[in-house]
Amino acid sequence: MNRHQTAVAAEAFAAGVFAQAGCSVFVQYGANQPGYDLMVSNGANAMHVSVKGSSNGGWLLTAKDKNGTYQQAFDEWLTRNKDYIFCLVQFYDKNAGGMVKVGTMPTMYLATGDEIGTELKRHWFGKEMSLSLYEHYAPTRGKYKGEVMGMPEAWRMGEERIRALMSKRAESCNPSNSSSAAG
């Protein structure tokens with residue numbers, strides 16, 4: 001699949017899984033819309049979802065400016081994206097050594113921008129920054145030989161993860177009832 005096909009397929013799979021979980025799904029019209037690709041609602045809560053597809057085992061989240069640092073690029077990305085939900089769709093099957101077969105599900109993850117930021121820092125063992133997130137990566141040489149980077153199992157997309165993020169989104173959008181009770 002080329003980049004365009006990967007992006008289209010990722011968005012379609014994401015919309016399908018959200019719909020299968022009982023959510024209403026609204027798609028932004030037009031290519032490369034800023035911010036988010038889908039708005040997902042369970043009737044009571046809604047969240048903007050940015051869908052990122054990959055066919056090589058990882059997701060490049062942003063690039064650094066010519067004169068900037070990776071840390072600056074990471075900080076800017078996190079500032080812009082901390083409030084979004086990301087659906088990461090992976091079409092590469094490491095066990096098969098190639099693409100998932102046509103008609104089968106890709107691996108899918110849901111994470112907040114903040115969770116991705118924390119994971120990126122953990123992926124690189126606090127030693128340096130990268131702007132890529134990997135589903136599974138185990139360097140075979142160099143200073144990280146023997147280390148393993150992988151996606152948290154808790155991010156796997158499913159009904160439970162969708163409900164958890166919807167609840168989390170509702171909590172962050174609504175002021176706590178305890179502050180009004182104290183008044």
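Okay, one definition before we start: when I say two residues are in contact, I mean they have heavy atoms within 4.5 Å of each other. And please keep in mind that what you see is a predicted model.

So, let's try that out on Phe18. Leave aside its neighbours within four places in sequence, and Phe18 is in contact with Cys23, Val25, Leu38, Val40, Met47, Val49, Leu110, Met157 and Ile162. Just read those numbers again: the list goes from Cys23 to Ile162.

Phe18 also turns up in the largest nonpolar core, which has 23 residues. Phe18 is among those with the most contacts inside this core, along with Leu38, Val49, Val51, Cys87, Leu110 and Met157. Which elements give two or more residues to the core? They are α1 (3-20), β2 (38-41), β3 (46-54), β5 (85-90), β8 (107-112) and α4 (159-173). Helix α1 has the largest share, with six residues. Apart from this core there's another one, of 16 residues, and Trp59, Trp77, Leu120 and Trp155 are among them. As a general point, in soluble globular proteins nonpolar side chains tend to be buried together.

Now zoom out to the sheet. It's an open sheet of five strands, in the order β1-β2-β3-β5-β8, and the pairing is mixed. At the edges you have β1 (24-27) and β8, each pairing on one side only. Going from one strand to the next, the twist averages 30°. If you want to look at one pairing, take β1 and β2: they run antiparallel, and four bridges join them. Val27, for instance, has Leu38 in β2 as its bridge partner. And where does α1 lie? Across β1, β2, β3, β5 and β8, running at about 140° to β3.

Next, aromatic rings. A search of the whole structure finds four aromatic pairs. One of them is Trp59 with Tyr109, and that pair is edge-to-face, 6.3 Å centre to centre with 85° between the planes. Trp59 sits in strand β4 (residues 58-60) and Tyr109 in strand β8, 50 residues apart, so the pair links distant parts of the chain. Are these two buried or exposed? Both Trp59 and Tyr109 are buried.

Trp59 comes back with our next residue, Leu131, in the loop between α3 and β9 (132-134). Leu131 has a relative accessibility of 4%, so it counts as buried, the cut-off being under 20%. Not counting residues up to four places away in sequence, Leu131 touches Trp59, Leu60, Leu61, Thr62, Ala63, Lys64, Tyr70, Ala73 and Phe74. Take Ala63 from that list: it's 68 residues from Leu131 along the chain, yet their C-alpha atoms are separated by 6.8 Å.

One more residue, Glu119, in helix α3 (residues 113-123). Why do we call Glu119 buried? Because its relative accessible area is 6%. Again without residues up to four places away, Glu119 touches Leu133, Gly150, Pro152 and Trp155.

Last, the whole chain. The protein chain has five helices and 11 strands. Of its 183 residues, 39% count as buried. Among contacts between residues at least 6 apart in sequence, 61% join residues at least 24 apart. And the chain exposes about 10900 Å², with carbon and sulfur atoms supplying 49% of that. That's it from me, thanks!

How values were computed: Residues are numbered from 1 along each chain as its sequence is written. This is a predicted model: local features need pLDDT of at least 70, side-chain atom pairs count only at pLDDT 80 or more; totals for chains, interfaces and linings use all residues. Side-chain values use heavy atoms; hydrogens and water are left out. A nonpolar core is a set of buried Ala, Val, Leu, Ile, Met, Phe, Trp, Tyr and Cys residues joined through side-chain atoms within 4.5 Å. Buried means under 20% relative accessible area, exposed over 50%, partly exposed in between (1.4 Å probe, protein chains only). Two strands pair if DSSP finds at least two bridges between them. Axes are lines fitted to C-alpha atoms, for helices over the stretch in contact, and angles run from 0 to 180 degrees between N-to-C directions. Accessible areas come from the Shrake-Rupley method with a 1.4 Å probe; for residues, only the protein chains shown count as cover. Rings of Phe, Tyr and Trp (its six-membered ring) pair if their centres lie within 6.5 Å; planes under 30 degrees apart count as stacked, over 60 as edge-to-face and the rest as tilted.
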